[in-house]
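Student: Could we go through this model together, one question at a time, before I plan anything around it?

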Amino acid sequence: MEALAILLTACFGLFLLIVFFGTIGSMIRMEFRRRNSKQTSLQKKNADEAAF
């Protein structure tokens with residue numbers, strides 16, 4: 001009975017860990033995407049100013 005409880009706790013902990021890291025990973029990816037889009041818009045603006 002004790003072994004079952006330990007196993008369930010371990011599985012639940014692992015699940016929480018995966019969810020936690022997945023959330024952080026998606027947040028970081030979104031941040032990089034936002035930063036990249038900002039950079040490309042800045043480059044476009046600079047290119048437009050250089051054209052004039």
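What follows is a set of questions and answers on the fold, the surface and the charges.

Tutor: This is a predicted model, in which local features need pLDDT of at least 70 and side-chain atom pairs count only at pLDDT 80 or more, while totals for chains, interfaces and linings use all residues. Residues are numbered from 1 along each chain as its sequence is written, and side-chain values use heavy atoms, with hydrogens and water left out.

Student: What does the secondary structure of the chain come to?

Tutor: Helices (H or I, at least four residues) and strands (E, at least two) are taken as DSSP runs, numbered from the N terminus. Helix α1 covers residues 2-51. The secondary structure of the chain therefore comes to one helix and zero strands.

Student: What radius of gyration does the chain have, set against a compact globule of 52 residues?

Tutor: The radius is taken over C-alpha atoms, and the globule rule is 2.2 Å times the number of residues to the power 0.38. Along its principal axes the C-alpha trace spans about 75 × 5 × 5 Å, and L8 and Q39, 31 residues apart in sequence, are 47 Å apart in space, C-alpha to C-alpha. A compact globule of 52 residues would have a radius near 10 Å, but the chain has 23 Å.

Student: Is L8 buried or exposed?

Tutor: Buried means under 20% relative accessible area, exposed over 50%, and partly exposed in between (1.4 Å probe, protein chains only). Of the 52 residues of the chain, 0% count as buried. L8 lies in helix α1, and because its relative accessible area is 57%, L8 is exposed.

Student: Which residues form the nonpolar patch on the surface?

Tutor: Patches are made of residues with over 30% relative accessible area and no salt bridge, with like charges joined within 9 Å and nonpolar side chains (Val, Leu, Ile, Met, Phe, Trp, Tyr) within 5 Å. One member of the patch is F32, which counts as partly exposed at 49% relative accessibility. The patch has about 820 Å² of accessible area together (Shrake-Rupley method, 1.4 Å probe, only the protein chains shown counting as cover for residues), and its residues are L14, L17, I18, F20, F21, I24, I28 and F32.

Student: Which side chains meet in a salt bridge?

Tutor: Side chains of opposite charge can pair when their charged atoms come close. A salt bridge is a side-chain nitrogen of Lys or Arg within 4 Å of a carboxyl oxygen of Asp or Glu, and the count comes to one. Both partners lie in helix α1, three residues apart, about one turn of the helix. At 3.5 Å, N to O, the side chains that meet are those of R34 and E31.
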